[in-house]
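Me: Please take a close look at the aromatic pairs in this model. Then work outwards to the parts of the chain around them, and keep it plain.

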Amino acid sequence: MRLANHDGRATIVIEGRAVDVERASGGGLGSDPMLLSDLANHAVLRDLAAAAKPADWPALEEARIGPPVPRAGKGLGVALNYRKHAAETGRPAPDEPALFGKTDNCVCGPFDPILLPDGRDQVDYEAELVIVFGRTAKRVAAAEAWSYLAGVTVGQDISDRAEQNRPPVRQFTIAKSYDTFGPIGPCLVTVDELDEPDALSIECIVSGEVLQSSNTADLIFDVPALVEWVTRYLTFEPGDLLWTGTPEGVGAARSPQRFLRVGDVVETVIGGVGTMRNPIIAG
Ligand code: ZN
């Protein structure tokens, strides 16, 4: 299934049409998009999808799509999790995942503007696969990891490098959590939709130039390994997000460096999952 937040309402996307969950279920399920992240609702959603006649429903419109998980209980990101990205930063590949917080205020929709604060001139892009937990997860074995996920979505881990690397203590969480620094979407895509969930193409295109082009098969800690590691210590709940890291090609590591400017358009593409397009505006 492809699940979306259309006009702020839980929606199943079928053939480009927006099937409203509350109306299709006759009120059996509500309208809050957060219900899409709860695997307890997926059997009913599948029944609704099977019964829906797409022609009866309006077209899905980009301008009306919000983040598929608008109020995550928590969000964590993984630093240096692609082999070639670790290499381009000049740092050794980590032995264990290195995590930071990505707070809920930063989450915005897949076609929303990203606000570039005045005077910040080292703001960077990071295309990422974002996984969405679908049931309570504690001490999950890697082999079971995918079954704990409501699905995956596309994300951009926008990062202010000047703040992230400001001495004496590096500030990953703040530098990656400014308002609008975490667009996700357009859909929450259930795992069964993916032919090879551990090998998804991932790209970032800024104002028409392909700056990142990789595959999640280059992850140092893949999705099962990450889920096993993070749930050793923390309980994850439906709707919690994990940003799995970005591949090589970030602006800070390029020569010359390429940071985001007002007027840029950031496209983030994951094969089989979707495409986001976010303009950079002053803010
Ligand atoms: Zn990142």
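**Aromatic pairs and their surroundings**

Reply: A search of the whole structure finds 4 aromatic pairs, where rings of Phe, Tyr and Trp (its six-membered ring) pair if their centres lie within 6.5 Å, and planes under 30 degrees apart count as stacked, over 60 as edge-to-face and the rest as tilted. One of them is the tilted pair of F100 and F172, at 5.7 Å centre to centre with 40 degrees between the planes. This pair links distant parts of the chain, since F100 belongs to strand β6 (residues 98-101) and F172 to helix α5 (residues 172-175), 72 residues apart. Helices (H or I, at least four residues) and strands (E, at least two) are DSSP runs, numbered from the N terminus. Both F100 and F172 are buried; buried means under 20% relative accessible area, exposed over 50% and partly exposed in between (1.4 Å probe, protein chains only).

Another pair is W229 with Y233, which is edge-to-face: 5.6 Å centre to centre and 85 degrees between the planes. Its two members fall into different exposure classes: W229 counts as buried because its relative accessibility is 19%, whereas Y233 counts as exposed because its value is 52%.

The model is predicted, so local features need pLDDT of at least 70 and side-chain atom pairs count only at pLDDT 80 or more, while totals for chains, interfaces and linings use all residues. Residues are numbered from 1 along each chain as its sequence is written, and side-chain values use heavy atoms, with hydrogens and water left out.

W229 leads to helix α6 (residues 223-230), which is mostly covered, with 6 of its 8 residues buried. The buried residues are V223, P224, L226, V227, W229 and V230. An α-helix has 3.6 residues a turn, so residues three or four places apart point the same way. The buried residues of α6 pack against β5 (75-79), β6, β10 (127-133), β11 (149-156) and β16 (241-243). Strand β6 therefore comes up twice, as the strand that holds F100 and as one of the packing partners of α6.

T216 is in the loop between β15 (209-215) and α6. It counts as buried because its relative accessibility is 3%. Not counting residues up to four places away in sequence, T216 touches Y82, L129, P197, D198, A199, L200 and I202, a contact being heavy atoms within 4.5 Å.

Aromatic rings also meet charged side chains here. The charged end of K102 sits over the ring of W243, 4.9 Å from its centre; the test is that NZ of Lys or CZ of Arg is within 6 Å of the ring centre and within 35 degrees of the ring normal. R135 lies over the face of Y148, at 3.8 Å from the ring centre.

The loops on either side of α5, the helix of F172, hold two backbone features. P168 is in the loop between α4 (161-164) and α5, and the peptide bond from P167 to P168 is cis, with omega near 5 degrees. T180 is in the loop between α5 and β13, and its phi is near 75 degrees, a positive value in a residue other than glycine. T180 counts as buried because its relative accessibility is 13%.

Strand β13 (residues 182-189) contains P186, which is joined to G185 by a cis peptide bond with omega about -5 degrees. P186 is among the residues in contact with I65, as are N5, H6, L60, G109, P110 and F111, leaving aside neighbours of I65 within four places in sequence. I65 is in strand β4 (residues 65-66) and is buried because its relative accessible area is 5%.

There is also a zinc ion, coordinated by E126 (OE), E128 (OE) and D157 (OD) at 1.9 to 2.1 Å. Donors are N, O and S atoms within 2.8 Å of the metal (3.2 Å for Na, K and Ca); water is not among the atoms, so sites may look incomplete. Both E126 and E128 are buried.

As for the whole chain, it has 6 helices and 18 strands. Its radius of gyration is 18 Å, close to the 19 Å that the globule rule gives for 283 residues, so it is as compact as a globular protein of that length. That radius is taken over C-alpha atoms, and the rule is 2.2 Å times the number of residues to the power 0.38. Buried residues make up 54% of the 283 residues.
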